[in-house]
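Let's take a walk through this model together, starting with one pair of packed helices and working outward from there.

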Amino acid sequence: MNTARQDLGTLHFNETLAISSSTQRTIALILSTFTKKLRVRMIKSFWMLLASLLFAMMAAFARMGASDFSSLELVFYRSLFGVIVIWAWVAYQGQTVKTPLMRAHLMRSFLGTFALTIWFYAIARLPLGTAMTLNYTSPLYMALIVIVLAVRHGETFNRASAAAVVLGFLGVTLVLKPELQPGQMAPALIGLTSGFFAALAYFQVRELTRMNEPEWRIVFYFTLFGTVWGLVGHLCLTGSMTPVTLDNVPALIGMAVTATGAQLAMTRAWGSDNTLLTAVFQYSAIVFAACFGTWFFNEPIGLMSAIGITLIMIAGVWAALMSRKKKS
């Protein structure tokens with residue numbers, strides 16, 4: 001009798017142990033899958049951190065080159081490297097740059113190149129952190145454009161997006177008013193428009209994407225247009241190109257390489273599902289640029305500007321999230 005009870009107890013214990021082991025394996029599998037997905041999302045989001053660092057480095061190299069080259073020349077050299085790299089990739093992959101959407105490409109390329117030209121103009125005349133901040137107002141302009149169009153058509157708009165716009169441009173006033181030196185207000189106001197034209201260019205990119213145009217072709221025509229725009233524009237204004245020497249060529253190479261690397265890293269980053277982290281890392285470019293300005297160009301950031309930059313970063317992330325939430 002006691003032996004039977006012991007056998008029954010042993011059987012029950014073994015079954016419990018088996019169930020427990022099975023449950024543990026299931027939990028371990030779930031945790032492993034979750035951890036793997038989280039790791040992939042984090043890695044993709046960190047691509048944006050890399051892109052932001054490279055964009056800030058590009059701005060610093062452009063600032064160095066601005067002492068010798070005009071804004072249009074910088075656009076030319078920045079675009080020339082990109083178009084060569086993409087053309088080589090197209091030839092290697094056996095792709096084609098032919099497209100039935102040339103008109104849309106021209107509009108996107110013009111808007112993007114014009115924004116880039118204005119930004120380089122601002123980089124040459126403003127503190128590096130300020131110039132980067134003004135360029136990163138494009139999500140605020142995008143939200144503002146959507147709100148204006150909604151009002152014109154009698155439609156409702158997202159009040160959270162409107163609040164983000166107000167907060168962001170409040171930050172702009174804090175950045176501009178206390179820190180600018182005499183003669184910098186005009187370049188700052190001009191630089192502020194770079195975010196507006198960048199926002200218009202982004203709308204064109206979305207339209208091209210909806211028409212199933214691959215990203216590499218969009219970037220190819222953008223860099224091609226920038227190469228022609230920068231070269232022809234500079235020659236028309238001055239008649240000759242600035243000589244490239246051993247002293248100024250490092251700035252051109254650094255700007256071109258970091259710009260292309262940043263573009264590739266940003267493309268990888270926006271494939272992430274972790275939208276919040278990616279959007280936050282995007283605005284780290286302002287922090288990087290401000291640090292570079294302090295370290296290499298002796299441009300310390302004042303308290304009011306730091307507060308303004310923080311407000312713009314919060315508002316930009318907020319506006320970007322509202323936009324992506326609406327699309328989803």
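## Helices H2 and H8

In this predicted model, helix H2 passes helix H8 in a left-handed crossing. H2 covers residues 71–93 and H8 covers residues 215–238. Their axes lie 7 Å apart, and the packing angle is about 145 degrees. If you sort the residues of this contact by class, you find 17 nonpolar, 8 polar and 2 charged.

His-234 is a good residue to click on here, since it is found in helix H8. Is His-234 buried or exposed? It counts as buried, because its relative accessibility is 5% and the cut-off for buried is under 20%. Leaving aside neighbours within four places in sequence, His-234 is in contact with eight residues that you can pick out one by one: Ser-70, Leu-72, Glu-73, Trp-229, Gly-239, Ser-240, Met-241 and Thr-242.

## The overall layout

Now zoom out to the whole chain. How many helices and strands does the chain have? There are 12 helices and 0 strands, so reading along the sequence gives α-α-α-α-α-α-α-α-α-α-α-α.

The chain has 328 residues, and 44% of them count as buried. Take the contacts with a separation of 6 or more: residues 24 or more positions apart account for 87% of them.

## Helices H5 and H7

Another pair to look at is helix H5, residues 138–152, with helix H7, residues 185–210. They pack at an angle of about 65 degrees with their axes 8 Å apart, and H5 passes H7 in a right-handed crossing. On the H5 side, the residues involved are Ser-138, Tyr-141, Met-142, Ile-145 and Val-146. On the H7 side they meet Leu-192, Gly-195, Phe-196, Ala-198, Ala-199, Leu-200, Tyr-202 and Phe-203. By class, this contact has 11 nonpolar, 2 polar and no charged residues.

Leu-192, in helix H7, deserves a second look. It is buried, with a relative accessible area of 14%. Not counting residues up to four places away in sequence, Leu-192 touches Leu-134, Thr-137, Tyr-141 and Val-172. Leu-192 and Trp-119 are 73 residues apart in sequence, yet their C-alpha atoms are 8.5 Å apart in space.

## The nonpolar cores

In soluble globular proteins, nonpolar side chains tend to be buried together. In this model, the largest nonpolar core has 51 residues. Which residues have the most contacts inside it? They are Trp-119, Phe-120, Ile-123, Met-132 and Met-255. Helix H1, residues 2–65, supplies the largest share of this core, with 9 residues.

Phe-120 makes a handy starting point for exploring that core. Apart from neighbours within four places in sequence, Phe-120 is in contact with Met-58, Ala-62, Ser-71, Leu-74, Val-75, Arg-78 and Met-255. There is also a second, separate core of 8 residues, among them Ala-143, Ala-164, Val-165 and Ala-319.

## Loops between helices

Three loop residues are worth a visit. Asn-212 sits in the loop between H7 and H8. It has a positive phi of about 65 degrees although it is not a glycine. Asn-298 lies in the loop between helix H11 (284–297) and helix H12 (303–327), and its phi is also positive, near 55 degrees. Are these two asparagines buried or exposed? Asn-212 counts as exposed at 68% relative accessibility, and Asn-298 is exposed with a relative accessible area of 68%.

Gln-184 is in the loop between helix H6 (159–179) and H7. This residue is buried, because its relative accessible area is 15% and buried means under 20%. Along the chain, Gln-184 and Ala-122 are 62 residues apart, while their C-alpha atoms are separated by 9.3 Å.

## Cysteines

How many disulfides does the model contain? The count comes to 0 disulfides, where a disulfide would need a pair of cysteine sulfur atoms within 2.5 Å.

Two cysteines can be described by their accessibility. Cys-236 is exposed, because its relative accessible area of 64% is over 50%. Cys-291 is partly exposed, with a relative accessible area of 27%.

Methods:
Residues numbered from 1 in each chain as written. Predicted model: local features only at pLDDT ≥ 70, side-chain atom pairs only at ≥ 80, totals over all residues. Heavy atoms only, no water. Axes fitted to C-alpha atoms, helices over the stretch in contact; angles between N-to-C directions. Helix = DSSP H or I, 4+ residues; strand = E, 2+ residues; numbered from the N terminus. Left-handed = near helix turned anticlockwise from the far one by under 90°. Contact = heavy atoms within 4.5 Å. Nonpolar A, V, L, I, M, F, W, Y, C, P; charged D, E, K, R; others polar. Buried < 20%, exposed > 50% of the residue type's maximum accessible area, 1.4 Å probe, protein only. Core = buried A, V, L, I, M, F, W, Y, C linked by side-chain atoms within 4.5 Å.
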